[in-house]
Amino acid sequence: MTAQTTEETFTFQAEVAQLLDLMAHSLYSNKEIFLRELISNASDAIDRLRFERFSHPELAEDGDDDPRIRVGYDRDAGTITISDNGIGMSRDEVIGDIGTIARSGTAEFLRNLSGDQRGDSALIGQFGVGFYSAFVVAERVVLTTRRAGAAAADGVRWSSDGRGEYTLEAVERPERGTTIVLHLRDGEDELLSGHRLRTIVQRYSDHVSVPIVMPSEDADSAEETTVNQASALWARPKGELTEREYHDFYRHLSNDFTDPLAYVHAKVEGRYEYTLLLYVPSQAPYDLWVPQARRGMRLHVQRIFILEDTGQLMPAYLRFVRGVIDSSDLPLNVSREILQGSRAVEHIRSSAVKRVLRLLKDMAANEPEKYAAFWRNFGAVLKEGIADDYANRGDIAELLRFTTTRSATQEADVSLRDYVGRMKEGQDKIYYLLAPTPAAASASPHLEVFREKGIEVLLLGEAVDNWVVTGLVQEFDGKRLQSVAQGVPDLGDLEDDVEKEAAEKAGTEFAPLLERLKAELDGQAHDVRVTTRLTTSPACIVGDEAITDLALAQRLRGSGLPNRPVLEINPRHPLIERLNRRQDDPRLADWAHVLFNQAVLTSGALVEDPAAFVGRLNDLLVALAADGTP
């Protein structure tokens, strides 16, 4: 090809001009991404050269078998330079791949491959228009390149200010590869720092397999130093890695000063090929409950960092997981910051979730102390998965831990499997109690008859527990979940005939009192009835059968009661017996309201009129003290 000796001016396609404007103003959310893009393109060029040498050995005549990417800056000139000794570009390739939108030398190269060659090209990235990201920070970009195998006189210089035109000229370039010089915009001077550029490289391109070198910070030294690790730890065989290396990488990845609790490293091959390196931290990050906090997963494509996950790769209930997913065929949009919906994404996400759940299951079975530490930090988050992840609901349910009426401490250490395994003979339900706090659950009067009969009850005191019991579809291992604060107590075969007869008799004997109390509490209590669930307390509030659960209804309405609360009274309590004997007591209305409000308080809700409640209670105490009669 005859070298072009004069400078020529070309006009960008209209779409390119629009893209450049978008690049400079809104396409990339983070300006420093430009360096990631240019380094990734340089890495691609080196990978392409490696591949082409298999079929074109003559390319090795260019010498320099030491591939590397150089990054430098000139503070006086206001420039940043990125260069590589990869395959480079010819004049036609520069026009086609830089001057035309939606074309990439790498993508074009891959489309020309077939058969075994495609399988051998796993190291070659599939990126689109990343070069244009240079205009995010540069007011002018100069690219000088020569393709491997071409003569030194066939070098090409491309230059543009990104405003609609670019120029091309032939130049002498002895070495193959590409050099890009960015003339920075005003206000971008903070990038003209060795420390700043090193930080960007280490953040986005630390594990690019090609060494990325920069001049030494020592002004008197002409040496270059490698600023990236130049080795993707997750891409190395597990047998070559030590636990210390895994832990060191976790610290680098997460900025955590502690070692991880556990990790899983797997390479998946088949229809989709990708590598997973996932960590479970040993302590919760400070922003675990911040809705807009960044997730800990990082997406890589061919070892190039693309983005921090915002939910596409790991569900919200596993947001504590840290790690890397590296794919060779994951589809990306033009900015490479937002994943396109695809089966590949769904497959990777599903596989990652299952491997994390399997890791937790193994930890729970083989390292219970370690799993207890995990649960203290992340148990409440994992519970969200019961409502959010229907496909894995069964596996998540096996991982749940609870405090129960048999627990010696407030430590949640009982699984649903443990509970079912020690259910009493004749028990066919899993009983639970929802309360505003664990302490309120433990002290609830709703537990009295269950404690008396030795029936274990799950004590649920976290807000997410409302969704746990509903998300389990009210069943685990064939056992229905039953709230002890909902509807008429149903103990099934655990209640003998004598108790049932006593309950029926009490209902008859106390019927007039129930009618009086119900009339006095009209508008507050939906119903008043006797109960067998109480042994020491005079009364309690429960939810009507029509609502899901009293505690859930309370939380949906704030701290108040639902529309249909039911007051249950204990016919064996001395106070209730006294009221039944003396239904002509002129203070019966006061007793009715005091009983109701006491029950409201023990349920964890707020009384509507605290002053009236205290006034009635004081009046009754004074009257009882003056009366002196039982």
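**Burial, charge pairing and long-range contacts in a predicted chain**

Lys 429 is buried, at a relative accessible area of 6%, where buried stands for under 20%, exposed for over 50% and partly exposed for values in between (1.4 Å probe, protein chains only). The structure is a predicted model, in which local features need pLDDT of at least 70, side-chain atom pairs count only at pLDDT 80 or more, and totals for chains, interfaces and linings use all residues. Residues are numbered from 1 along each chain as its sequence is written, and side-chain values use heavy atoms, with hydrogens and water left out.

The side chain of Lys 429 forms a salt bridge with Asp 428, and the closest N and O atoms are 3.3 Å apart. A salt bridge here is a side-chain nitrogen of Lys or Arg within 4 Å of a carboxyl oxygen of Asp or Glu. In contrast to the buried Lys 429, Asp 428 is partly exposed, with a relative accessible area of 40%.

The chain has 630 residues, of which 52% are buried. Its secondary structure comprises 20 helices and 22 strands; these are DSSP runs numbered from the N terminus, with helices (H or I) of at least four residues and strands (E) of at least two. The exposed area of the chain is about 28800 Å², and carbon and sulfur atoms supply 49% of that area. Such areas come from the Shrake-Rupley method with a 1.4 Å probe, and for residues only the protein chains shown count as cover. Among contacts with a separation of 6 or more, 69% join residues that are 24 or more positions apart, a contact being heavy atoms within 4.5 Å.

Charge pairing was examined next. Side chains of opposite charge can pair when their charged atoms come close. The whole structure contains 28 salt bridges. One of them joins the side chains of Glu 93 and Arg 147, at 3.1 Å from N to O. Glu 93 belongs to helix H3 (residues 91-98) and Arg 147 to the loop between E4 and strand E5 (155-160), so this pair ties together parts that are 54 residues apart in sequence. Arg 147 is buried, at 17% relative accessible area.

Another salt bridge brings together the side chains of Arg 422 and Glu 456, with an N to O distance of 2.7 Å. This pair links distant parts of the chain, 34 residues apart: Arg 422 sits in the loop between helix H11 (416-421) and strand E16 (429-434), and Glu 456 in the loop between helix H13 (448-452) and strand E17 (457-460). The two partners fall into separate accessibility classes, as Arg 422 is partly exposed at 33% and Glu 456 is buried at 3%. Elsewhere, Glu 32, Glu 190, Arg 196 and Arg 203 are linked in a network of salt bridges.

Unpaired charge also gathers on the surface. Glu 139, Asp 161, Glu 165, Asp 186 and Asp 189 form a patch of negative charge. A patch consists of residues with over 30% relative accessible area and no salt bridge, with like charges joined within 9 Å and nonpolar side chains (Val, Leu, Ile, Met, Phe, Trp, Tyr) within 5 Å. Within this group, Glu 139 lies in strand E4 (residues 138-146) and is partly exposed, with a relative accessible area of 39%.

Several buried positions show which parts of the chain meet in space. Phe 378, in helix H9, is buried at 0% relative accessibility. Leaving aside neighbours within four places in sequence, Phe 378 is in contact with Pro 281, Gln 283, Ala 284, Pro 285, Leu 288 and Phe 320. The C-alpha atoms of Phe 378 and Ser 282 are 9.6 Å apart, although the two residues are 96 positions apart in sequence.

Asn 392 occupies the loop between helix H9 (368-388) and helix H10 (393-399), and its relative accessibility of 6% places Asn 392 among the buried residues. Residues up to four places away not being counted, Asn 392 touches Tyr 317, Val 353, Lys 354 and Leu 357. A C-alpha distance of 9.5 Å separates Asn 392 from Ser 350, 42 residues away along the chain. Ser 327, in strand E14 (residues 322-327), is buried at 1%. Beyond four places in sequence, the contacts of Ser 327 are Glu 273, Tyr 274, His 300, Val 301, Gln 302 and Ile 348.

A backbone feature appears at Asp 477, which is not a glycine and yet has a positive phi of about 55 degrees. Most residues other than glycine have a negative phi. Asp 477 lies in the loop between strand E18 (475-476) and strand E19 (479-483) and is partly exposed, at 45% relative accessibility.

Definitions and conventions. Lys, Arg positive; Asp, Glu negative; His and termini not counted. Charge placed at Lys NZ, Arg CZ, Asp CG, Glu CD.
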